[in-house]
Amino acid sequence: MVKTRYLNFICLLALAIITFISEANAVTVCSQNLFRLGEKDKPGSPGFERQKNFLVSRIKSAECDLIALQELTTSKNSKSAMVLELLSNELNKTMRGKSFKSISGKTLDQSIGNAFLYNEREFDLIDSYSVHNRPLPKFSHRSAPYIDIRSPLVVVLKSKSGLPNVIAINYHFKSKVGGYKDKTNTDFEVLRTLSAFGVREELDVLKYKYPNSIDLYMGDRNGGQRSSSAMVLSGELKLEDFTNRERGCEISQTGVALCRPEVYGQMDMLPILYLKEKNEGRKMTTYRHGSKDLILDDIYVSSEDKSYVEDTSGHLRAGTVGEYRKGSDHLLSWIELSSASR
């Protein structure tokens with residue numbers, strides 16, 4: 001009897017130690033569209049406080065350590081710095097043990113931009129910059145040059161939790177709003193696809209500069225999982241699939257890439273929410289359009305780094321938080337990175 005109790009105690013102690021180590025080596029990466037916080041309701045107004053508190057509640061619930069933010073207001077009476085300060089101050093008050101610093105990026109957009117908040121108790125900043133005013137890849141040398149006016153924002157972070165360095169790219173692709181103006185007749189899916197190639201191109205540069213890192217990108221894709229841009233982000237389609245006539249890919253009016261079956265490749269950047277929904281049967285919607293539930297705000301992880309997102313049973317540590325029309329029209333998406341399962 002004494003021996004059995006002793007063994008039970010040892011097992012419980014070992015489980016507690018494993019749990020502690022797992023939690024100590026875990027960080028949570030999130031993505032949230034701010035729904036232009038501070039643009040309609042001025043900072044300090046009841047409307048602003050209400051929206052801010054909904055967003056803070058989401059971030060707190062997910063226990064985020066790194067948050068990619070889209071639709072940071074950059075209107076003429078720009079409040080972006082104030083909005084980020086008020087948001088991070090509220091998080092620092094309500095999230096015990098965390099201390100957030102903000103990074104905002106340059107943008108050519110007249111009203112919105114991208115930003116990051118990172119917990120400086122979990123990360124040291126190595127590098128940050130906007131992919132600003134840089135031409136996107138082209139389908140043809142005769143094509144007019146495109147520029148992603150919302151300028152994806154890059155951070156490179158050193159983990160204090162025993163994880164490798166983290167590379168994260170925050171993007172926000174053009175929506176379908178005003179699609180009747182699009183001369184390609186694809187509701188701007190051509191632009192979104194080229195923007196996706198631009199994100200992948202930037203990550204290739206960063207992977208060479210910062211090897212052995214955990215590679216991520218996330219943001220508001222503004223296209224469904226089977227859209228052309230989504231398949232570029234995942235690596236299933238390459239630029240030559242569109243530029244090489246023998247490969248023969250085209251983008252339909254509905255935004256879907258039309259290619260021969262043998263053209264599609266394997267994913268090398270994994271859309272974690274989509275895979276969790278597909279493989280585990282968990283509903284992972286982040287945006288609702290009428291009766292359609294969509295994943296627009298996925299978080300992509302390099303296939304080489306997949307184990308950092310898996311628990312010991314092989315399930316993906318990921319999810320969504322929030323209610324529609326409470327803080328934003330997009331839900332917060334999150335993944336947890338941990339070295340415990342490696």
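In which sense do strand β7 and strand β8 pair, and over how many bridges? In this predicted model, β7, residues 166–172, and β8, residues 214–220, pair in the parallel sense over seven bridges. To take one position, A168 has L216 in β8 as its bridge partner.

Let me now turn to the sheet as a whole. It is an open sheet formed by six strands, and their order is β5-β6-β7-β8-β14-β11. The pairing within this sheet is mixed. At the edges are β5, covering 123–130, and β11, covering 269–271, each of which pairs on one side only. From one strand to the next, the twist averages 20 degrees.

Colleagues may ask which helices pack on the sheet. Helix α4 packs on it and touches β5, β6 (153–159), β7, β8 and β11. The direction of α4 makes about 165 degrees with that of β7. Helix α7, residues 272–280, also packs on the sheet, where it touches β11 and β14 (299–302). The direction of α7 makes about 60 degrees with that of β11.

I come finally to the empty space inside the model. The count comes to one cavity of 30 Å³ or more, and the volume of the largest cavity is about 130 Å³. Its lining consists of 13 residues, and those nearest the centre are V131, L136, P152, G198 and V199. By class, seven lining residues are nonpolar, two are polar and four are charged. Which helix gives the most to this lining? Helix α4, residues 189–209, does so, with five residues. Helix α4 thus appears twice in this account: it packs on the sheet, and it contributes to the lining of the largest cavity.

Technical notes: Residues numbered from 1 in each chain as written. Predicted model: local features only at pLDDT ≥ 70, side-chain atom pairs only at ≥ 80, totals over all residues. Heavy atoms only, no water. 1 Å grid on protein atoms, 1.4 Å probe; cavity = no way out; pocket = protein on both sides within 12 Å on 5 of 7 lines; lining within 4 Å. Points joined across faces, edges and corners; volume = space filled by probe spheres on them. Helix = DSSP H or I, 4+ residues; strand = E, 2+ residues; numbered from the N terminus. Nonpolar A, V, L, I, M, F, W, Y, C, P; charged D, E, K, R; others polar. Pairing = 2+ DSSP bridges. Axes fitted to C-alpha atoms, helices over the stretch in contact; angles between N-to-C directions. Contact = heavy atoms within 4.5 Å.
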